[in-house]
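Me: I have a model open and would like to talk it through with you. Could you take me through the fold, the ligand site and a few residues?

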Amino acid sequence: MTAALAGIAARDGLDHGERLALVRSGDLGSMHSWELVTAVDGPGTRLTAFLNGCPLRCLYCQNPDTWQMRDGDPVTAEELLGRVDRYRRVFAATGGGLTLSGGEPLMQPAFVAKVLRGAKERGIHTAIDTSGFLGRAATDAMLDDVDLVLLDVKSGDEDAYRRTTGRALQPTLDFGDRLAARGTEVWVRFVLVPGLTDAVENVENVAAIVERWPQVSRVEVLRFHQMARDKWGRLGLWYPLADTEPPSAELVARVRDQFRAHGLTTFVG
Ligand code: SF4
C-alpha cells in the first residue's frame with residue numbers, strides 16, 4: 001500500500017492494528033495544522049507543520065490543543081511532502097524550508113524521520129522545533145537530515161524547569177550536548193514569563209547552559225503574551241497564567257543583556 005493510499009484508508013476506517021503499523025513505519029502521522037510563515041521557525045519562508053502529541057505541560061503553552069496525539073488529523077508523509085513540493089520555489093527564493101513543530105515532533109519519530117528524509121531528498125532545508133525532552137527518540141540517521149534544531153530551553157535549573165513544564169530538565173541538556181557533539185546548528189528559544197522564568201539566576205543558568213554548546217548560532221527571547229488564554233478556556237482547561245502580564249520593556253532588555261553578556265547572539269521575539 002502506498003503512503004497516500006494508507007492515509008486515505010486510515011481516514012476511511014483501518015482497524016487499530018493496521019493503523020498502528022502505519023504509524024510505526026512512519027507512513028502515518030497525526031497533525032494539528034500547518035502554516036506558511038516568514039522570519040520565524042527558521043530562516044526564510046517556512047512551511048511549519050504542527051504535529052500532535054507532547055509529554056510536557058508548559059504553563060504558557062500556546063497550543064494545548066496539540067497535546068494529545070489522538071486529537072490530530074491523520075496525514076501521510078507523502079501528503080505532507082506534497083505540500084512541501086508546492087512551495088519549493090518559495091523556499092529556494094527565500095532560503096526557507098520545512099519546520100516540524102508541535103506539540104512535540106519527537107513524539108512521532110518514525111513519521112518525522114520519513115518526512116525529513118523526503119525533504120532532504122528534495123534538497124529542502126529542514127528544522128525541528130523541540131523541547132529536547134524526547135531527544136533520545138531522535139536517531140542519528142534522523143539527525144543527519146536535520147539542518148537546524150530550534151531547541152526550547154524553558155528554564156535553567158531543575159526546579160524552575162519542572163515548575164514550568166511538569167518534567168525534568170536533564171533530557172534537554174543531554175540532547176543539546178549530543179547536538180553539540182554532532183555540530184548540528186541550534187537556535188535556542190527561551191520564553192520570558194514574569195514571575196515564572198524571569199529570575200536573574202534562572203536566566204544566568206540558561207545562558208550558562210547555552211554557552212557550553214558552541215554550535216548555537218542564536219538565542220531567541222520570546223516574550224510571554226496572553227494570546228493562548230482563550231484557547232485554554234475553550235478546551236475547558238484552567239489557565240494558570242491568566243493574570244500574568246507580558247514582560248516589561250525593562251525586563252526584556254535586562255534578559256537580552258544577560259544573554260549578550262555571555263557572548264550570545266540574542267534576538268527578542
Ligand atoms: S513543549 Fe510546546 S507544545 Fe508542549 S506543552 Fe510546552 S509549549 Fe506546549
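Reply: What follows goes from the whole chain to the ligand and then to single residues.

Me: Before that, what kind of model is it, and how are the residues numbered?

Reply: This is a predicted model, in which local features need pLDDT of at least 70 and side-chain atom pairs count only at pLDDT 80 or more, while totals for chains, interfaces and linings use all residues. Residues are numbered from 1 along each chain as its sequence is written, and side-chain values use heavy atoms, with hydrogens and water left out.

Me: OK, how many helices and strands does the protein chain have?

Reply: The protein chain has 11 helices and 9 strands, where helices (H or I, at least four residues) and strands (E, at least two) are DSSP runs numbered from the N terminus. Its radius of gyration, taken over C-alpha atoms, is 18 Å, close to the 18 Å that the globule rule (2.2 Å times the number of residues to the power 0.38) gives for 269 residues, so the chain is as compact as a globular protein of that length.

Me: And what box do the C-alpha atoms fill?

Reply: Along the principal axes, that box is roughly 55 × 40 × 30 Å. Of the 269 residues, 51% are buried, meaning under 20% relative accessible area, as against exposed at over 50% and partly exposed in between (1.4 Å probe, protein chains only). Among contacts (heavy atoms within 4.5 Å) with a separation of 6 or more, 71% join residues 24 or more positions apart.

Me: Switching to the ligand, which residues are around it?

Reply: With a cut-off of 4 Å between a residue heavy atom and the ligand, they are Cys54, Leu56, Arg57, Cys58, Cys61, Trp67, Gly103 and Lys154. By class, this shell has 5 nonpolar, 1 polar and 2 charged residues.

Me: Where does Gly103 lie, and what about the peptide bond before it?

Reply: Gly103 lies in the loop between β4 (97-101) and α5 (109-121), and the peptide bond from Gly102 to Gly103 is cis, with omega near 15 degrees. For context, most peptide bonds are trans, and most residues other than glycine have a negative phi.

Me: Then which residues have a positive phi without being glycine?

Reply: Ala39, with phi near 70 degrees, and Asp41, at about 65 degrees, are two examples. Ala39 is in the loop between β1 (28-38) and β2 (45-51), and Asp41 is likewise found in the loop between β1 and β2.

Me: Are those two buried or exposed?

Reply: Ala39 is exposed, with a relative accessible area of 66%, whereas Asp41 is buried, with a relative accessible area of 10%.

Me: New topic: what does Val191 touch?

Reply: Val191, which is in strand β7, is in contact with Tyr60, Thr197, Leu222 and Phe224, leaving aside its neighbours within four places in sequence. Val191 is buried at a relative accessible area of 16%, and its C-alpha atom is 5.9 Å from that of Val221, although the two are 30 residues apart along the chain.

Me: And where is Leu196, and which residues does it touch?

Reply: Leu196 is in the loop between β7 (185-192) and α9 (200-211), and it touches Leu59, Tyr60 and Thr164, not counting residues up to four places away in sequence. Tyr60 is thus named among the contacts of Val191 and also among those of Leu196. Leu196 is buried, with a relative accessible area of 12%, and its C-alpha atom is separated by 14 Å from that of Val206, 10 residues apart along the chain.

Conventions. Ala, Val, Leu, Ile, Met, Phe, Trp, Tyr, Cys and Pro count as nonpolar, Asp, Glu, Lys and Arg as charged, and the others, Gly among them, as polar.
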